[in-house]
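I opened the notebook to look up aromatic rings, charges placed over rings, and one lysine. My entries follow the display.

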Amino acid sequence: MTDRKILVASNRGPVSFVPDDGGELQPRRGAGGLVTALTGAVQATGGLWVASAMSSHDRAVATSTPSGRLDVIVDDSKHAIRLLSVEPEEYDRFYNGVSNHLLWFLHHALWDLPVTPSFDHDTRRDWEAYRMVNQVFGKALAEEIDRSPADVLIQDYHLSLAPAVLRSLAPQARIAYFHHIPFAGTPQFSLVPSWMRRELVIGLLGADLLGFQSARWGDAFLAACRGVEGTTVDARRRTVRWEDRVVHVGTYPISVDAASIQQLAESPEVRAKRARLEERLNGRRMLLRVDRTEPSKNILRGFEAFAAFLRAYPGWRSRVTFLALLNPSRQRVPEYRAYVARCREEVDRINEEFGEPGWQPIELSIHDDFEEVVAAYCLYDALLVNSILDGMNLVCKEGPLVNDRHGVLLLSRTTGAFDELGRHAVPVAPLDIVATGDALNGALRMPPAERARRAAALRRVAAASTPADWVERQLRDLDRAAAPEA
């Protein structure tokens, strides 16, 4: 770990604030290994996590101190944070107008191009808010660096412009940016107005080190840089020269917190949920998917592929249950609400067509219950991850860690995780529902020895590194990238 202080910047911070029964605002820790790893790096160096005040409760806390800086204790862990508050309407334009609706759809190739998007006056107003919030982040980070030198780790597409803002205010800053999602390929990126393309690329080039989940996404960024006048791209060295600086592009596949997931799997709560699930399955095989209700996850085609499987292989009817555990996501975005409605309709149609007394082909659950998810991880015979595009996808790493049925992973080639796990999984083409149905049949009929071999390899790869290792690799490469040129 570096001996310099670490500043982490992200839209969503490590804690949020919610009212207790008495109406008092209390901190609640964010879930996941990423929060654990980045918080650990901040704590170990006496650093700070800079984040948006996302809710009205967060804003109330943020405005209770002049700077927005807080020391918060949650679950016996101290978090040093600085919450940045902007007007709710401007934040909505930044978050929903640009981050969720424009950039997420751009980088995941989700646009329905004959209809959307149209870049109009509202788009420009939204972009002004996006630019303003990124400027707020850059200014806050510069202030913190002025107080004490630090390495800055900026997280994800919400803050694509922040590296350049910070560079302009603190030219000697050491900045790493990590892009957690895919980066749009050239055909998609070329559809964005030229002024927006240039601002996005130059914004990111403010960093010394740019990290991506897969080399594919880094290659897409390098291709985007070639379209910006004044850049010089060296694909072999994976560098971009911009304004007398050299920006390094690296690949850092994110890890899961294997120990905590395995510990949770042994908890009494998960064991009880597992027992209830086994009772419901009643000896049937189980196909599992775990996702957010997000169109890029390709949930609808997963259901259609299961229907194709039941038609092509009728001997499996009443012998396999498809359990879909979905976590609600971005329900303020109209496209998301419409997508979830279509998924529900498809599940109802399939259950109506194929259901029999005592057997419902698909069990759909849409709520947030990670203990239930881990219980299902333990029991699946096949795990379907058929995303259209995914920066990484951690479900396909979490599941094998605790599964004890030698479950087979069906994995889309277009996930970042395929680079690490693909040779141990059954590959699927996300748009081909017939082939996906055939792959499911092959997975369920796979010989036990091969299932065991693949499952052991998946478990070994998933447990090979930790989120802390992921942070450490970036800090090590930032040392090299930010070093003065010889």
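I began with the aromatic cluster in this predicted model, and found that Y91, F94, Y95, W127, Y130 and W195 form one cluster. Counting ring pairs over the structure, I arrived at 18 aromatic pairs. For the pair of W127 and W195, I noted ring centres 5.9 Å apart and planes at 80°, and because an angle over 60 degrees counts as edge-to-face, I entered this pair as edge-to-face. I then looked up where the two partners lie, and this pair links distant parts of the chain, with W127 in helix α4 (residues 121–147) and W195 in helix α7 (residues 194–204), 68 residues apart.

Next I checked accessibility for both tryptophans. W127 has a relative accessible area of 1%, so I listed W127 as buried, whereas W195, with a relative accessible area of 27%, went down as partly exposed.

I turned to charges over rings and recorded two cases. The charged end of R216 sits over the ring of W217, at 5.1 Å from the ring centre, and the charged end of R330 sits over the ring of W104, at 4.0 Å from the ring centre.

My last entry concerns K397, which I located in helix α14 (residues 395–402). Is K397 buried or exposed? Its relative accessibility is 3%, and since buried means under 20%, I wrote K397 down as buried. Leaving out residues up to four places away in sequence, I listed the contacts of K397 as I254, S255, V256, M392, E420, L421 and A462.

Note on methods. Residues are numbered from 1 along each chain as its sequence is written. This is a predicted model: local features need pLDDT of at least 70, side-chain atom pairs count only at pLDDT 80 or more; totals for chains, interfaces and linings use all residues. Side-chain values use heavy atoms; hydrogens and water are left out. Rings of Phe, Tyr and Trp (its six-membered ring) pair if their centres lie within 6.5 Å; planes under 30 degrees apart count as stacked, over 60 as edge-to-face and the rest as tilted. Helices (H or I, at least four residues) and strands (E, at least two) are DSSP runs, numbered from the N terminus. Buried means under 20% relative accessible area, exposed over 50%, partly exposed in between (1.4 Å probe, protein chains only). A charge sits over a ring if NZ of Lys or CZ of Arg is within 6 Å of the ring centre and within 35 degrees of the ring normal. Contact means heavy atoms within 4.5 Å.
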